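User: I would like to learn how to read the features of a model like this one. Please take me through them one at a time.

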Amino acid sequence: SIELGPFEKWELDTTSPRDFLIKFFRENVLADYSQSFPGTTVESARLVPDLEGGALMVNTLHPNGSGFQVDPIVRNDPNTPPPVAKRGNLLFCHGNHVFVISSELADRVTEMSTYTTDTETEDRILRDRLLDVHDQMHFEDAAPADTPPATKTAAATTP
């Protein structure tokens with residue numbers, strides 16, 4: 001999770017959750033992906049209005065950008081196109097934090113030419129994974145305002 005500073009809190013209070021999360025994703029998450037994996041693109045994005053007062057689900061494609069290893073012989077073969085990783089990302093605000101959950105389809109990279117799953121199925125798999133992680137999160141209530149800052153929390157944990 002990323003704690004919101006005063007400016008981000010003001011932005012969230014003065015714009016819709018949708019607009020805030022789109023801007024946050026573009027300026028933070030996508031910027032990081034693009035720096036780490038040049039050529040990263042957004043494949044699809046949609047608002048999930050009933051989740052956390054408005055959540056954003058974004059699928060991204062990352063040429064040569066996977067958390068999973070590809071056989072170096074395959075990766076260096078000029079006749080084999082580079083692997084394109086696909087990640088699902090779920091962003092939402094809770095308390096004074098923005099949460100970003102991300103999941104990658106490893107099979108896209110590890111199976112490469114034998115991988116045949118269609119986009120609709122990939123999207124469903126990623127959506128289900130991200131929602132499962134969200135549903136397992138437990139948010140502790142923030143401490144009362146008169147509690148010293150060291151004991152306040154807005155952390156999430158998963159079992």
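User: What covers the buried residues of H2?
Analyst: Start from the contacts a helix makes with other elements. This is a predicted model, and in it the cover over the buried residues of H2 includes H1 and the strands S1 (2-3), S2 (41-48), S3 (55-63), S4 (84-94) and S5 (97-104).

User: Which residues of H2 are buried?
Analyst: They are Phe20, Leu21, Phe24, Phe25, Val29, Leu30 and Tyr33. Phe25 deserves a second look. A kink of about 35° in H2 is centred on Phe25.

User: How does the span of H2 compare with the expected one?
Analyst: H2 covers residues 17-36, which is 20 residues. From first C-alpha to last, H2 reaches 27 Å. That is close to the 28 Å expected at 1.5 Å a residue.

User: In what order do the five strands of the open sheet stand?
Analyst: First, the general idea. Strands of a sheet pair through backbone hydrogen bonds, either parallel or antiparallel. Here the order is S1-S5-S4-S3-S2, with antiparallel pairing. S1 and S2 stand at the edges with a single partner strand each, so one side of each has no neighbour in the sheet.

User: How many bridges hold S1 to S5?
Analyst: Two bridges, in the antiparallel sense. To find the register, look for residues that face each other across the pair. Glu3 stands opposite His97 in S5.

User: And how many bridges join S4 to S5?
Analyst: Eight, and the two strands run antiparallel. Phe92 has Phe99 in S5 as its bridge partner. The hairpin of S4 and S5 has two residues between the strands. Check phi there. Gly95 takes a positive phi near 60° in this hairpin.

User: How do S3 and S4 pair?
Analyst: S3 and S4 are antiparallel, over eight bridges. Pro63 has Val84 in S4 as its bridge partner.

User: Is S4 mostly covered or mostly open?
Analyst: Mostly covered. Nine of the 11 residues of S4 are buried. As a general guide, in a regular strand the side chains alternate between the two faces of the sheet.

User: Where does Glu52 lie, in a strand or in a loop?
Analyst: Glu52 is in the loop between S2 and S3. Its backbone is worth checking. Glu52 is not a glycine, yet its phi is positive, about 55°. Glu52 counts as partly exposed because its relative accessibility is 27%, between the cut-offs of 20% and 50%.

User: Is Glu11 buried or exposed?
Analyst: Buried. Its relative accessible area is 12%, and under 20% counts as buried. Glu11 lies in helix H1 (residues 6-14).

User: What is Glu11 in contact with, leaving aside its neighbours within four places in sequence?
Analyst: Phe20 and Lys23. Next, ask what the side chains do. A polar contact of 2.4 Å joins those of Glu11 and Lys23. Phe20 is itself one of the buried residues of H2.

User: Which residues does Glu122 touch, not counting those up to four places away in sequence?
Analyst: Lys86, Leu105, Arg108, Tyr115 and Thr117. Glu122 is found in helix H5 (residues 119-136). Glu122 counts as buried because its relative accessibility is 1%.

User: How many helices and strands does the whole protein have?
Analyst: Five helices and seven strands. Read the order from the N terminus: β-α-α-β-β-α-β-β-α-α-β-β. Then turn to burial and contacts. Of the 159 residues, 36% are buried. Among contacts between residues at least 6 apart in sequence, 56% join residues at least 24 apart.

User: Over which residues does pLDDT stay under 50?
Analyst: Residues 146-159. For this stretch the model has 25 contacts beyond four places in sequence. The general rule applies to such regions. Where pLDDT is low, the predicted coordinates should not be read in detail. For the protein, the mean pLDDT is 85, and 82% of residues reach 70 or more.

Definitions and conventions
Residues numbered from 1 in each chain as written. Predicted model: local features only at pLDDT ≥ 70, side-chain atom pairs only at ≥ 80, totals over all residues. Heavy atoms only, no water. Helix = DSSP H or I, 4+ residues; strand = E, 2+ residues; numbered from the N terminus. Buried < 20%, exposed > 50% of the residue type's maximum accessible area, 1.4 Å probe, protein only. Contact = heavy atoms within 4.5 Å. Polar contact = N/O pair within 3.5 Å; in protein donor to acceptor, adjacent residues only side chain to side chain. pLDDT = per-residue confidence, 0-100. Expected span 1.5 Å × (residues − 1). Bend = angle between axes of the 7 residues up to and from the residue. Pairing = 2+ DSSP bridges.
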